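Me: I'm new to this one, so please take your time. Give me a close look at how the side chains pair up, and then tell me what lies around them.

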Amino acid sequence: MPGAVRPHFLGVTLTTATATTPRRRAAALVLATAALTAASGATAQADSPGGWVQTGSTTISSLTGGEGIASQADGSLLTRGLLSIPLGLRIAGWNHVGDPDIAGGYVFDDYQGADGATSKLFEVTTPSGQTYDYTHPLDPGELLNNSFATVSPDSQWLVEGEWGTESRLQVFPAPLTNPSTPATGGTLPQAGQITLSRSVDDIQGCDFVSSTRLVCASDNAAKDVIQVDLPHALDGTPVTGQVSTLFQLPQSSICSGTYETEGIDYDVNTKTLRATIVPPSVCIVTTTVYSYKPTTG
């Protein structure tokens, strides 16, 4: 006997029959769940900024800003470069600093060691100037590269990237600001990673522009800026991020040769996205910072 049609639920029509089989009930449940998930994802993405338009550029010293940038509360930029590595950390073998982040006044720096390193380091500086070090021993198959650190808007999760062709972004409880981590430094385990919907190359920096969207800078040949959309805000469980390409950073200089994409930052207060690129040859002494504004979200 034909079933009686029930009202539409988020675009899914459910029916009841006099003798509904378990298989039909299960199928209806799957369809309804998929509709809810799609609606939730669409809402999250609609709330995220996008449609970036270039608004200007400036330059900074590569020695102190050639690795990364982060927006400070007063609107100025915190910069990181070769000369930014504290002497104590350099002596301890941490010879590279990546793209940093600032969340709630806490500064998050990421460091990597030499080719034989078996761990990576995250250092947190509190608003009062105290520093705490968190070491992550490399898991099986994990690369030693520690290219960037970005913290979720709720300050609970830290995302970082490796190098080469990547199919994931790694997620950790944010050191110090996530209460599950030691209060004065210590060992930092991984949480559920972000699996990427397609592989990307040489990600030098990412930043959250909303709780469900990251924008990242790739040092591939095209110097792509990419977007990673999450199905929901990070909660420590594995998720899949949908990857799309947004635009390419300009490669413009009086010098010729190979450019290198570096850090990226989103200033939530001014709704300004900034991405950096180091020009080739002798022009390497200055890093160009390009600024963008969203047209949506």
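Reply: One cut-off will help before we start: a residue is called buried when its relative accessible area is under 20%, and exposed when that value is over 50%. Keep in mind, too, that this is a predicted model.

Let's begin with charge. Side chains of opposite charge can pair when their charged atoms come close. In this structure there are 6 salt bridges. Take D229 and R213, whose closest N and O atoms are 2.6 Å apart. D229 belongs to strand β18 (residues 224-229) and R213 to strand β17 (residues 213-218), so this pair ties together parts 16 residues apart in sequence. Is D229 buried or exposed? Its relative accessibility is 7%, so D229 counts as buried. R213 has a value of 6%, so R213 counts as buried as well.

Next come R80 and D109, whose side chains meet in a salt bridge of 2.8 Å, N to O. R80 sits in strand β5 (residues 77-80) and D109 in strand β8 (residues 106-112), so that distant parts of the chain, 29 residues apart, are linked. R80 has 15% relative accessibility and therefore counts as buried, and D109, at 2%, counts as buried too.

Then there's K223 with D219, another salt bridge, with the closest N and O atoms 2.8 Å apart. Both of these residues are buried. Elsewhere, K120, E142 and E160 are joined into one network by salt bridges that share partners.

Strand β18, where we met D229, also has a neighbour in the backbone pairing: 6 bridges join β18 to β19, and the two run antiparallel. Within that, Q227 stands opposite S244 in β19. Strand β19 (residues 239-248) is also joined to strand β15 (residues 194-201), by 3 bridges, and these two run parallel. There, T195 has T240 of β19 as its bridge partner.

Now for the rings. Counting rings whose centres lie within 6.5 Å, you get 3 aromatic pairs. One of them is W52 with Y266: the ring centres are 5.8 Å apart and the planes are at 75°, so the pair is edge-to-face. W52 lies in the loop between α1 (22-46) and β3 (53-61), while Y266 is in strand β20, so the pair ties together parts 214 residues apart in sequence. W52 and Y266 are both buried. Another pair is F122 with F172, with centres 5.4 Å apart and planes at 55°, so this one is tilted. F122 comes from strand β9 (residues 119-125) and F172 from strand β13 (residues 165-173), so here parts 50 residues apart in sequence are tied together. F122 and F172 are both buried.

Y266 leads us on to the largest pocket: it is among the residues nearest the pocket's centre, along with I102, A103, G104 and V268. The volume of this pocket is about 480 Å³, and 23 residues line it. By class, those are 11 nonpolar, 8 polar and 4 charged residues. Strands β4 (68-71), β7 (101-103), β16 (203-210) and β20 (260-267) each supply at least two residues of the lining. Which strand gives the largest share? That's β16, with 4 residues.

Technical notes. Residues numbered from 1 in each chain as written. Predicted model: local features only at pLDDT ≥ 70, side-chain atom pairs only at ≥ 80, totals over all residues. Heavy atoms only, no water. 1 Å grid on protein atoms, 1.4 Å probe; cavity = no way out; pocket = protein on both sides within 12 Å on 5 of 7 lines; lining within 4 Å. Points joined across faces, edges and corners; volume = space filled by probe spheres on them. Nonpolar A, V, L, I, M, F, W, Y, C, P; charged D, E, K, R; others polar. Salt bridge = Lys/Arg side-chain N within 4 Å of Asp/Glu carboxyl O. Buried < 20%, exposed > 50% of the residue type's maximum accessible area, 1.4 Å probe, protein only. Pairing = 2+ DSSP bridges. Phe/Tyr/Trp six-rings, centres within 6.5 Å; stacked < 30°, edge-to-face > 60°.
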